[in-house]
Amino acid sequence: MKIVALAGGVGGAKLAHGLAQVLPPEDLTIIVNTGDDFEHYGLYICPDLDTVCYTLAGIANSETGWGRADESWNAVENLSKLGGPDWFKLGDKDLGTHLERTRRLKEGYSLSQITRDFCKAWGIGHTVLPMSDKPVRTFVETDEGELAFQEYFVHRRCEPRVKGFWFDGVDKAEPVRGAREAIQSADAIVICPSNPWASIDPILRVLSPLLSGEGPGVRSVAVSPIIGGETVKGPAAKMFREMGIEPSALAVANHYRGLVTDFVLDEIDAQLIEGIKGLNMRTHVTNTLMKSHEDRKRLAVDMLNFIGRDV
Ligand code: FO1
């Protein structure tokens, strides 16, 4: 079964990792959000691409959910002593990624070419693609004005109240080469349990020319990142509340209405099934919490059974 997975940060990377454990490389393409990307210390940093790749390569920092495992912090400690901005923690190993990516971008390589070479170097067999080779930047409209994503998410620790989002460059950013073929040959698109507003919406906007195809279109299965009204990790539930929406798996399904054919929610939210079916989506209830690598694999197998049963 061929799958295209759309993923952002931590939650998305976990399910992508689960799918990579059960699908061969030729049957899984992972398309990653680049709206979180930004320049810092003159380096071009791609947090979601790195979170997905480090997770697939088994070198991700499992405590923080970002950056590398077994990290040291000499560079950032020393730049801090010099009075430099140290709010965005760049580990020494992680710095190597940003230095080399920035060097190659300056040499004219595309982000997708660089990602392909990095995946090879990290021993990742599956295809990981940035959603576009053109820059897209997520901005968060808040009660304190407009903030670039990392300014909001890391520097301000998601404190400002969110009013909306916009994605600079999204209308000029064509889908990355390879996305069209992957989607056309896919049995299903899996929308991983990432932040619907900040991680998945940018990808859906960039890929929309490929997704609004006539006819039944590709099967698309979204997994709720909200369980029992709360996000497992990250500010998605807070964002829903601040946008005047009570956070729940139903609210997430409603966010994706018209875009997905199927919705996967956690057993704890089974009472929401009828409401989600009312959005013209097939529902699948299971344990969607991924605490261990085994959990990631179990959810992936569960998803494929669910998709395969009706394909
Ligand atoms: N998130 C934080 O909350 N604090 C950090 O200091 C931080 C550093 C960091 C360095 C590299 C990287 O790839 C990600 C990093 N993140 C950090 C996460 C980053 O903000 C991502 O955008 C989130 O994971 C949301 O996708």
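Select Thr-97, Glu-100, Arg-101, Arg-104 and Leu-105 in helix α4, together with Leu-111, Ile-114, Asp-117 and Phe-118 in helix α5; these two groups meet in the predicted model. By class, this contact of α4 with α5 has 4 nonpolar residues, 1 polar residue and 4 charged residues. Now display both helices in full, taking residues 111–121 for α5. The axes of α4 and α5 lie 10 Å apart, and the angle between them is about 135°. The two helices are therefore oblique to each other. Their crossing is right-handed.

**From α4 to α2**

Keep α4, which spans residues 92–106, and add helix α2, residues 47–57. The axes of these helices come within 12 Å and cross at roughly 125°. The angle makes α2 oblique to α4. Viewed as a pair, α2 passes α4 in a right-handed crossing. To see where they touch, select Leu-49, Asp-50 and Tyr-54 on α2, then Asp-94, Thr-97, His-98 and Arg-101 on α4. Colouring this contact by class should show 2 nonpolar, 2 polar and 3 charged residues. Two of the α4 residues are already familiar: Thr-97 and Arg-101 take part in the contact with α5 and in the contact with α2.

**From α2 to α1**

Next, hide α4 and bring in helix α1, residues 10–22. The axes of α1 and α2 are 9 Å apart, at a packing angle of about 35°. Here, too, the crossing is right-handed, with α1 passing α2. On the α1 side, select Val-10, Ala-13, Ala-16, His-17 and Ala-20; on the α2 side, select Thr-51, Val-52, Thr-55 and Leu-56. The residues of this contact comprise 6 nonpolar and 3 polar, with no charged residue.

**The largest pocket**

Turn now from the helix pairs to the open space. The largest pocket has a volume of about 850 Å³. To find its centre, select Gly-9, Val-10, Gly-65, Phe-153 and Lys-233, which are the closest to that centre of the 43 lining residues. Val-10 has appeared before, as one of the α1 residues in the contact with α2.

Which elements give two or more residues to the lining of the largest pocket? They are α1, α2, α4, α6 (149–155), α8 (196–211) and α9 (236–242). Of these, α2 supplies the largest share of the lining, with 5 residues. When the lining is coloured by class, it divides into 21 nonpolar, 15 polar and 7 charged residues.

**The cavity**

The last stop is an enclosed space. The count of cavities of 30 Å³ or more comes to 1. The largest cavity holds about 40 Å³ of space. Select Asn-61, Thr-64, Trp-66, Gly-67, Arg-68, Glu-71, Trp-73, Lys-89, Gly-91 and Asp-94 to display its lining. Among these lining residues, the classes are 2 nonpolar, 4 polar and 4 charged. Asp-94 links this stop with an earlier one: the residue lines the largest cavity and belongs to the α4 side of the contact with α2.

Conventions. Residues are numbered from 1 along each chain as its sequence is written. This is a predicted model: local features need pLDDT of at least 70, side-chain atom pairs count only at pLDDT 80 or more; totals for chains, interfaces and linings use all residues. Side-chain values use heavy atoms; hydrogens and water are left out. Axes are lines fitted to C-alpha atoms, for helices over the stretch in contact, and angles run from 0 to 180 degrees between N-to-C directions. Helices (H or I, at least four residues) and strands (E, at least two) are DSSP runs, numbered from the N terminus. Angles under 35 degrees count as roughly parallel, over 145 as roughly antiparallel, 65 to 115 as roughly perpendicular and the rest as oblique. A crossing is left-handed if the near helix is turned anticlockwise from the far one by less than a right angle, and right-handed if clockwise. Contact means heavy atoms within 4.5 Å. Ala, Val, Leu, Ile, Met, Phe, Trp, Tyr, Cys and Pro count as nonpolar, Asp, Glu, Lys and Arg as charged, and the others, Gly among them, as polar. On a 1 Å grid over the protein atoms alone, a cavity is a set of points where a 1.4 Å probe fits but cannot get out, and a pocket is an open set with protein on both sides within 12 Å along at least five of seven lines; lining residues have an atom within 4 Å of a point. Grid points are joined across faces, edges and corners, and a volume is the space filled by probe spheres set on the points.
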